[in-house]
Amino acid sequence: MSLHTTQKLKLHHPETFQFDSIPDSHAWLDLHEHPSVESIGPDTIPVIDLNDPKLMEKIGEEWGVFIISNHGIEPEVLNRLCSQMHRLFALPEEVKLKVAKAEGTDAGYGGGAISHLFSKFSWSEGFSIVGSPVDHAQKLWPDNYSSFCEVIEEYNKATKSLGCRLIHAILLSLGFSEEELYQIPIGGSSKIKTVMNLNSYPACSNPDQVLGFPPHTDSACVTIVYQNGSGLQVLRRKDDIAPTRWVIVPAVPNTFVVNIGDLMHVLSNGRFHNVVHRVTISKTNRLSCAYFIGPQDDVKLRPLSELAGWEQSPLYRPVTWPGLLKIRSKLNDRALQAIKIDSSSRGEGARETE
């Protein structure tokens, strides 16, 4: 890990957040460009009961975000996860830096993959888990790491199963049959890859000047978000109801938020829209866990237009998850535009993206 990386990580640690006033490095000047509104009336974010017999009809394509209840994960599992997250982020800074993300890797302590694209720092800490957390946990708690690993494995197993169930429901809502699901690159649990991000958002005395994470979309197919308090907001574009606004995602007990990501946008040929979202800060500490689900690294996802028999031609070139991340690392929110097929060349075969 380079000295520059270490210095940047230190700027993210809560101990450095004890300011009399917000420093310029963390002050977001365009924070209130669009108003924030409650999730009520026409801006109500859908709450979907996964046991509803009409589930396929209720997984909508407009919002790009919904809340799920009756998901099958017991509250005790979430309580254990929160307890271990508190334990993790309470560690001294020098201990957490032992597992700082190395150059070119996704796992470990540090900021988001696209943090470098923004001119300001986020008011947050993060810890990413890809595969087993054992190696990092042993460095954090040499004599007592097993409880952390057990809880992470418990949560990973339950949430991966939930994620497969969600993806199946989305694909069925697009018109595929149960038999056709397994022809799709993410149609089975053995075909998906998961990444877990544990996040801490320290309290701030001036929360209206900072962000836990700036506006972005997720690269994955879907993201399952657990939050123990309200802070997530999703962007709703100007429409007949109101100008562009940020809709506050309520923290409903024993539910998860589901964000549609870039790869599901590609797979569905834009029928399921990726959702722009951000994380706001309050005067109290908050935790969240974002569970990203996508294809294995070597799998190229392409619009399912031909397989589904849609009349609409494919809008995007095939792309792998690492390939999309590479594009996003340079272009951020313009990544999908970069892999969009020019209208004049549709039907002539699309050049593939790594």
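This is a short tour of the structure, one selection at a time.

**Before you click**

You're looking at a predicted model, in which local features need pLDDT of at least 70, side-chain atom pairs count only at pLDDT 80 or more, and totals for chains, interfaces and linings use all residues. Residues are numbered from 1 along each chain as its sequence is written, and side-chain values use heavy atoms, with hydrogens and water left out.

**The whole chain**

Start with a cartoon view: the protein chain has eleven helices and 13 strands. Those are DSSP runs numbered from the N terminus, with helices (H or I) of at least four residues and strands (E) of at least two. Of the 354 residues, 53% count as buried; buried is under 20% relative accessible area, exposed is over 50%, and partly exposed is in between (1.4 Å probe, protein chains only).

**The open sheet**

Next, select β1, β10, β9, β12 and β7. In that order, these five strands form an open sheet with mixed pairing; two strands pair if DSSP finds at least two bridges between them. At the edges stand β1 (36–37) and β7 (213–216), each with a single partner strand, so one side of each has no neighbour in the sheet.

Now pick out β9, residues 232–236. Four bridges join β9 to β10 (residues 245–248), and the two run antiparallel. With β12, β9 also pairs in the antiparallel sense, over three bridges. Five of the five residues of β9 are buried, so the strand is largely enclosed by the rest of the structure. Show the side chains: Leu232, Val234 and Arg236 point one way, while Gln233 and Leu235 point the other.

**Arg278 and its company**

Click on Gln233, which stands opposite Ile248 in β10 and opposite Arg278 in β12. The side chains of Gln233 and Arg278 share a polar contact of 2.9 Å, meaning a pair of N or O atoms within 3.5 Å; within protein, one must be able to donate a hydrogen and the other to accept it, and residues adjacent in sequence count only if both atoms are side-chain atoms. Arg278 makes another polar contact, 3.4 Å, with the side chain of Ser36.

Which side chain of opposite charge is nearest to Arg278? It's Asp30, 6.9 Å away, and Arg278 is buried yet has no salt bridge. For charge, Lys and Arg count as positive and Asp and Glu as negative, with His and the chain ends not counted. A salt bridge needs a side-chain nitrogen of Lys or Arg within 4 Å of a carboxyl oxygen of Asp or Glu.

**A salt-bridge network**

Go back to β9 and select Arg236, which is buried at 11% relative accessible area. Arg236 meets Asp43 in a salt bridge (3.2 Å, N to O). That pair links distant parts of the chain, with Asp43 in the loop between β1 and β2 (47–49), 193 residues from Arg236. Asp239 also forms a salt bridge with Arg236, at 3.8 Å between the closest N and O atoms. Add Arg245 to the selection: Asp43, Arg236, Asp239 and Arg245 are linked in a network of salt bridges.

**Last stop: the loop between β4 and β5**

Select Lys120, whose salt bridge with Asp24 has its closest N and O atoms 3.1 Å apart. Lys120 lies in the loop between β4 and β5 and Asp24 in the loop between α1 (3–10) and β1, so the pair ties together parts 96 residues apart in sequence. Lys120 counts as buried at 16%, whereas Asp24 is exposed at 57%.
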